[in-house]
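Welcome, and thank you for taking a look at this chain. Please keep the viewer open while you read, so that each residue can be found as it comes up.

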Amino acid sequence: MGSEKQRRRWKYWWIALCLCLGQQVSAQIRYSIPEEVKEGSVVGNIAKDLGLDINVLVDRRFRIVSGSEESLFKVNSNNGILYVHKRIDREELCDGNTACVVNIKTVVEDPLEVHYVAVEITDVNDHSPRFPEEKQRVVMAENTQLGARFQLQAARDPDIGVNSVRSYKLSQNEHFDLEVRDRVNEKSPFLLLRRPLDRENRAEHSLILTAADGGSPPKSGILNITVTVLDNNDNRPVFSQEVYTVNLQENVPIGTIVAKVNATDIDEGLNGEVNYTLGGNINSKVNDFFVLDSVSGEIRVKSQIDFENAEVYGLDVFASDKGTPPNTVDCRVIVKILDVNDNTPEIEITSLSNVIAEDSKSGTVISLISVSDKDSGANGKVVCTLSSNVPFELKPSVQDNMYSLVTKTLLDREAMSQYEITIIATDLGQPPLTSLKALTVQVSDVNDNSPDFIQNPLELYLMENNVPGASILSVTAFDKDMNDNALISYHVIRRDGTPNDMASFLNINSETGVIHALKSFDYETVKSFQFHVLASDSGSPSLSSNVTVNVFILDQNDNVPVILYPVSANGSAEGVEEIPRNVNAGHLVTKVRAYDADIGYNGWLLFSLQEVSEHSLFGLDRYTGQIRTLRSFTETDEAQHKLVILVKDNGNVSLSATATVIVKVVEPKEAFAASDVKNAVKDEEENNVTFYLIITLGSVSVLFVISIIVLIVMQCSKSTDYSSKYLQEANYDGTLCHSIQYRSGDKRYMLVGPRMSIGSTIAPGSNGNTLVIPDRRRRDSGER
């Protein structure tokens with residue numbers, strides 16, 4: 001009711017004022033409303049207060065047209081009521097203690113009327129007093145005089161009038177009082193010292209200042225006051241320890257905190273602020289490795305720390321306050337460096353010689369080896385080993401970490417001439433570190449290998465009639481040694497110069513091993529022989545070995561066939577044969593006999609008629625030399641016929657001889673009479689021929705028996721693969737023939753005369769006089 005009456009008084013006052021001024025076009029009314037009212041609250045009925053007809057407000061377009069705060073209010077065009085549209089905060093709209101008025105301009109049309117409305121916003125106690133800061137620190141020396149005054153923060157309250165700050169109150173304490181002074185539009189509080197301060201008893205005092213407004217109920221705010229008492233510099237800094245002992249690993253990163261010293265000073269301010277410095281150590285290198293933070297007291301690593309350089313560092317640290325004059329104390333910091341396994345073992349080799357003879361005994365010292373490690377403890381203990389698969393070992397010495405490298409087994413330069421030895425040194429740190437060092441040992445040669453022939457015995461097949469002085473064979477021996485120990489010279493081992501010693505007809509080049517024949521060999525004289533070649537090295541003492549050379553002389557067609565029958569008294573190959581005229585076809589007239597000293601094809605004789613008076617009467621067997629009649633004689637056939645027989649061998653260049661046979665055809669009676677005479681003569685001739693044949697066959701047989709005995713002895717003393725066996729056969733079938741069989745390796749060879757056995761084949765490259773015979777004996781034994 002009071003507010004309604006007040007609004008009416010204001011309303012009538014403005015109307016009367018407008019009438020007195022004679023304003024008819026416009027009128028102004030004033031309302032009052034407290035802040036923080038709810039949205040939609042009614043301020044007043046403008047239409048009613050202005051005397052406007054409510055029924056025509058819409059038609060006359062009643063509205064608010066201006067006002068910077070028009071959005072705070074709205075007017076209802078139906079009934080003319082002005083109401084609050086938004087929350088209203090007086091402290092936001094108006095500042096200070098003056099009245100807060102919001103002016104609104106309203107308009108109605110037909111006729112146009114402008115009305116001004118003023119709305120005053122009244123204050124309510126919606127704010128508490130607030131200090132600019134929650135805390136305030138006041139610093140006083142302990143010798144501050146009594147009655148000293150210290151200004152405190154003044155509280156602020158946005159409210160006005162009685163709702164603003166009205167009083168201050170200080171919390172209960174023994175040393176301080178509160179004084180409030182009134183100034184323009186505010187009250188200022190001051191702190192008064194009433195009793196002396198003693199910083200040693202109490203260095204800091206906590207007070208609470210409370211500011212209260214005059215609202216109902218009143219609101220308040222507080223300020224926390226801390227009074228710090230400053231002391232005189234009458235106390236020295238004190239370290240927490242007189243001696244600091246720390247352990248530090250080597251190789252820690254630069255900047256690592258080693259230790260932190262701490263000194264305290266019970267004084268305040270500069271008198272209690274402590275600075276740290278390093279003292280001037282006798283060992284100035286300490287300053288090269290450590291740095292001290294003057295404020296925090298932290299000692300940090302300045303450069304690389306190495307245990308091997310120093311195991312302990314001693315630092316003198318001084319602490320000084322900032323008083324005048326400053327007080328200083330000192331302490332000792334001992335830094336013990338802990339070893340880290342950061343050094344690899346070192347290997348030192350003292351070689352007596354890097355060359356060792358291959359015949360050195362086991363245990364021969366080659367080198368002296370020493371190992372070292374700069375680390376300490378287990379990190380400095382080293383185990384030394386060798387690489388595997390070498391014939392060497394390490395023998396520890398009486399002195400620690402000293403070893404002797406010695407041979408473990410016998411050496412063989414021919415198996416391994418150089419050894420690459422790796423010496424491995426490993427410490428016992430965690431993790432272990434390892435060093436490797438290589439040592440090369442050369443194995444020198446000694447003459448422990450005799451020359452060696454790849455094949456022993458050797459077989460040489462030499463064609464007869466060789467050129468004297470020409471090379472016939474080259475022998476080569478190999479020596480596994482080197483240099484002079486492998487330099488080989490060759491010599492032919494000669495017997496006592498006996499006539500049968502064929503080595504006397506040989507000469508050998510001592511450097512190359514090329515053998516020359518000094519004479520031409522004749523197959524018909526010697527068919528095979530044996531000699532020995534000695535190979536000697538140039539070592540000291542010299543070593544040697546020999547090789548057996550079996551020489552087989554191969555036949556050449558160098559002998560002309562010899563006619564054995566017919567032979568006349570003067571030695572010419574001529575003869576006379578008488579046959580009865582009544583003989584039938586196929587009658588044996590005579591047989592031409594011939595001999596060739598060569599063998600094989602060279603001694604294989606063939607017979608042919610070179611000249612004959614009547615081709616139809618006589619025929620000649622080309623293999624046996626038999627002359628037979630081809631038909632019976634007739635009365636018209638002549639009584640005497642001449643036959644010229646050509647005997648030639650089968651050599652590459654054939655050699656031949658001729659025999660002449662005169663065939664006389666006689667009557668049967670004359671033939672019988674002449675037959676007796678002829679038989680007598682013939683028996684005598686045949687006896688002579690038989691005598692010569694026996695002598696020839698006996699000589700050949702003795703020669704071959706000796707050869708067989710020699711070959712049997714060789715076969716017993718040598719390998720079967722290199723043995724040869726000779727068999728001699730004599731075959732008479734009208735022609736003196738012979739054959740030789742021998743074995744070499746897996747093959748059997750036969751040198752044959754005019755007749756070859758069935759199934760034989762001619763071996764290529766054998767000059768046509770060697771046949772390869774299938775070795776049925778060996779094959780049968782293999783099958784069994």
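The report below goes from the whole chain to strands, charged pairs, a loop, a surface patch, and some backbone details.

This is a predicted model, in which local features need pLDDT of at least 70 and side-chain atom pairs count only at pLDDT 80 or more, while totals for chains, interfaces and linings use all residues. Residues are numbered from 1 along each chain as its sequence is written, and side-chain values use heavy atoms, with hydrogens and water left out.

## The chain as a whole

The chain holds six helices and 54 strands. Both kinds of element are DSSP runs numbered from the N terminus: helices are H or I with at least four residues, and strands are E with at least two. Of its 784 residues, 41% count as buried. Here buried means under 20% relative accessible area, exposed means over 50%, and partly exposed lies in between, with a 1.4 Å probe and protein chains only.

The chain exposes about 42700 Å², and carbon and sulfur atoms supply 51% of that area. Accessible areas come from the Shrake-Rupley method with a 1.4 Å probe, and for residues only the protein chains shown count as cover. Among contacts (heavy atoms within 4.5 Å) between residues at least 6 apart in sequence, 65% join residues at least 24 apart.

## Strand β8 and its partner

Strand β8 covers residues 135-141, and its side chains alternate. Gln136, Val138 and Met140 point to one face and are buried, whereas Lys135, Arg137, Val139 and Ala141 point to the other and are not. Which strand runs parallel to β8? That is β14 (residues 220-230), joined to β8 by seven bridges; two strands pair if DSSP finds at least two bridges between them. Within β14, Val227 is the bridge partner of Val138.

## Charged pairs

Side chains of opposite charge can pair when their charged atoms come close. A salt bridge is counted when a side-chain nitrogen of Lys or Arg is within 4 Å of a carboxyl oxygen of Asp or Glu, and the whole structure has 19 of them. Three are set out here.

| Salt bridge | N to O distance |
|---|---|
| Glu174 and Arg195 | 4.0 Å |
| Asp177 and Arg194 | 2.8 Å |
| Arg181 and Glu179 | 3.0 Å |

Glu174 and Arg195 form a salt bridge with their closest N and O atoms 4.0 Å apart. This pair links distant parts of the chain, 21 residues apart: Glu174 is in the loop between β10 (165-170) and β11 (176-183), and Arg195 is in the loop between β12 (186-193) and β13 (204-213). Glu174 counts as exposed because its relative accessibility is 56%, while Arg195, at 45%, counts as partly exposed.

Asp177 and Arg194 also meet in a salt bridge. Here Asp177 belongs to strand β11 and Arg194 to the loop between β12 and β13, with their positions 17 residues apart in sequence numbering. The two residues are thus described as 17 residues apart, linking distant parts of the chain. Asp177 is partly exposed at 35% relative accessibility, and Arg194 is partly exposed at 44%.

Arg181 and Glu179 are both partly exposed, with relative accessible areas of 31% and 24%. Elsewhere, Arg61, Arg63 and Glu109 are linked in a network of salt bridges.

## Ala639 and a surface patch

Ala639 sits in the loop between β47 (626-629) and β48 (640-648) and is partly exposed at 41%. Leaving aside neighbours within four places in sequence, Ala639 contacts Arg581, Val663, Lys664 and Val665.

Tyr692 is found in helix α5 (residues 668-717) and is exposed at 57%.

## Backbone details

Most residues other than glycine have a negative phi, and most peptide bonds are trans. Cis peptide bonds join Gln430 to Pro431, with omega about -5°, and Asn456 to Pro457, with omega about 5°. Pro431 is in the loop between β30 (418-427) and β31 (434-444).

Arg61 has a positive phi near 55° and lies in the loop between α2 (46-50) and β3 (63-66). Asp110 also has a positive phi near 55°, in the loop between β6 (100-108) and β7 (113-122).
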